[in-house]
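Reader: I want to learn how to read a ligand site and a surface patch. Can we work through a case?
Author: Here is the structure.

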Amino acid sequence: MHILLLENDPLDATLTSVVLEKAYNRAVRIARVSSLEQALTALRREEADVLFVALQPAALRLQAIRRISHERPATPIIVLVGEGEDESAPEAFAAGAVEFLVKSQITINWIRRAINFAIHRKRMLEDLRATSNHIHNIINLSPDAIVSADARQNIALFNVAAEEMFGYAAKDVLGKPLTLLIPEALRAAHVGHVQRFAEGPAISRRMNERGELQCLRSNGEVFPAEIAISRLQTPDGPIFTAIIRDVTERKRVEAQLLDLAMTDPLTGAANRRHLFEVAELEIKRARRYGRPLSVLALDIDNFKPINDACGHAAGDQVLLRLTVACHEVLREYDMIARIGGDEFVALLPETDERRAQALAQRLVDHIAKIRVRFQGKELQTTISIGCSVVADDDTSIAEAIERADQALLQAKRDGRNRVVTYAQRGQTRAGTPPAAAGTGADKG
Ligand SMILES: Nc1nc2c(ncn2[C@@H]2O[C@H](COP(=O)(O)OP(=O)(O)OP(=O)(O)O)[C@@H](O)[C@H]2O)c(=O)[nH]1
């Protein structure tokens, strides 16, 4: 056992040394120093198992404890004080001492127990400090924001990821209300959530069914986040810790994927799958309310020569412009889908045969007037359209599209740039002839 004794009263130093030697049957090495600097020099040369600090007056003693525990955090410090100095114990512990003895009360057993306790306690404190540093590092390594709030819902912990996510420095938000991180409109609901959680039996859970919440950055931006919270009971009341994941990017990708799954990448029109999904719902709605539903099958006339003469890129521009033209003529609740190379289908809710034919004719007329500019050239095209109405006994939209296709073929045979409507019993009925395009058509 190696003990360092920092004592500026030589007589007391001798008395303490005698007790220590007796306590350890002389199996102890005691080094005596009388000033803080000497103690530090001795400790730098050789670590002591225990350091006794018995300096007088109290201020000198306190200063020594502070400095040594700062510079030599692993050294267990036992404070020795004179009679009547008991009240200085809390200060000594706060400064870093682990044990406190009054000189006149020292006995052999007492000092042995105090040394054992001091060594043990110091080790525990060191372990605690290492664990706490470790946890602190993990918290700051986390890519998710970790934010704790005290019982009054003031921010008590704000990790590095939280600083980046919310745009605040930890020092600026510690002690501030947690609601700082919640959009104003949701603050009351949030406080309710936390209160219900505080009163409930669970110690950890996701914030709501989907664990999702809207959060607020310092620049006012609202972002979606996934949140899990836990509650820790402490003597000062509960502490709530939230792990917050910014899901903005994930949501964006999800929306993009959803969009990709529903749309044709070249034109942005709906794709076949989406058309069929929407058509199924529209058919149900039309039957339930006894409303008409029509489909148009559209195809560009002589599209191949455009591709052949001007290249595929020029053809793509025509397809794109055709889609835009459809949106210009059709109503907001109509749907236009690209189902093949230059084949489109329009789904027209609340539209009977006459109105479908009129809309189709407007589309044919509109397209005929459009000129698509491509690399200094002006491309002109026309379209042909076949119309059909969804019949009561149709099992899917495919049957109505099939009939519209037959009418479309007839339109092609009749000379293109026109509308033909499929009539019952396989008949087709021509719409407005091309010569009269743009005149006499019902404008819907
Ligand atoms: N630029 C471009 N062309 C495409 C695309 N998909 C298909 N095509 C072309 O579209 C043309 C389709 O031609 P068809 O519909 O068979 O014939 P058409 O020349 O339009 O003649 P009609 O339909 O009889 O009036 C072919 O040349 C295909 O190569 C595409 O994504 N981009």
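Reader: Which residues come nearest to the ligand?
Author: Start with the shell. Of 18 residues around the ligand, Asn 302, Lys 304, Asn 307, Asp 316 and Arg 338 come nearest. Keep in mind that this is a predicted model.

Reader: Which elements supply at least two residues of the shell each?
Author: Three do so: β12 (293-300), α11 (303-310) and α12 (312-329).

Reader: How many residues of each class does the shell have?
Author: Eight are charged, five are polar and five are nonpolar.

Reader: Now the polar contacts. What lies 2.7 Å from a nitrogen atom of the ligand?
Author: A polar contact is a pair of N or O atoms within 3.5 Å. Here, a polar side-chain atom of Asp 316 sits 2.7 Å from a ligand nitrogen. The backbone takes part too. A polar backbone atom of His 312 is 2.9 Å from a nitrogen atom of the ligand. For Ile 300, a backbone N or O atom lies 3.2 Å from a ligand oxygen.

Reader: How much of the ligand's accessible area does the protein cover?
Author: On its own, the ligand has 650 Å² of accessible area, and the protein covers 68% of that.

Reader: Next, the surface. Which residues form a nonpolar patch there?
Author: Val 253, Leu 257 and Leu 260 do, with about 270 Å² of accessible area together. Leu 260 belongs to helix α9 (residues 248-262).

Reader: Is Leu 260 buried or exposed?
Author: Exposed means over 50% relative accessible area. Leu 260 has 53%, so Leu 260 counts as exposed.

Note on methods. Residues are numbered from 1 along each chain as its sequence is written. This is a predicted model: local features need pLDDT of at least 70, side-chain atom pairs count only at pLDDT 80 or more; totals for chains, interfaces and linings use all residues. Side-chain values use heavy atoms; hydrogens and water are left out. A residue is near a molecule or strand if one of its heavy atoms lies within 4 Å of it. A polar contact is a pair of N or O atoms within 3.5 Å; within protein, one must be able to donate a hydrogen and the other to accept it, and residues adjacent in sequence count only if both atoms are side-chain atoms. Accessible areas come from the Shrake-Rupley method with a 1.4 Å probe; for residues, only the protein chains shown count as cover. Helices (H or I, at least four residues) and strands (E, at least two) are DSSP runs, numbered from the N terminus. Ala, Val, Leu, Ile, Met, Phe, Trp, Tyr, Cys and Pro count as nonpolar, Asp, Glu, Lys and Arg as charged, and the others, Gly among them, as polar. Patches are made of residues with over 30% relative accessible area and no salt bridge: like charges are joined within 9 Å, nonpolar side chains (Val, Leu, Ile, Met, Phe, Trp, Tyr) within 5 Å. A salt bridge is a side-chain nitrogen of Lys or Arg within 4 Å of a carboxyl oxygen of Asp or Glu. Buried means under 20% relative accessible area, exposed over 50%, partly exposed in between (1.4 Å probe, protein chains only).
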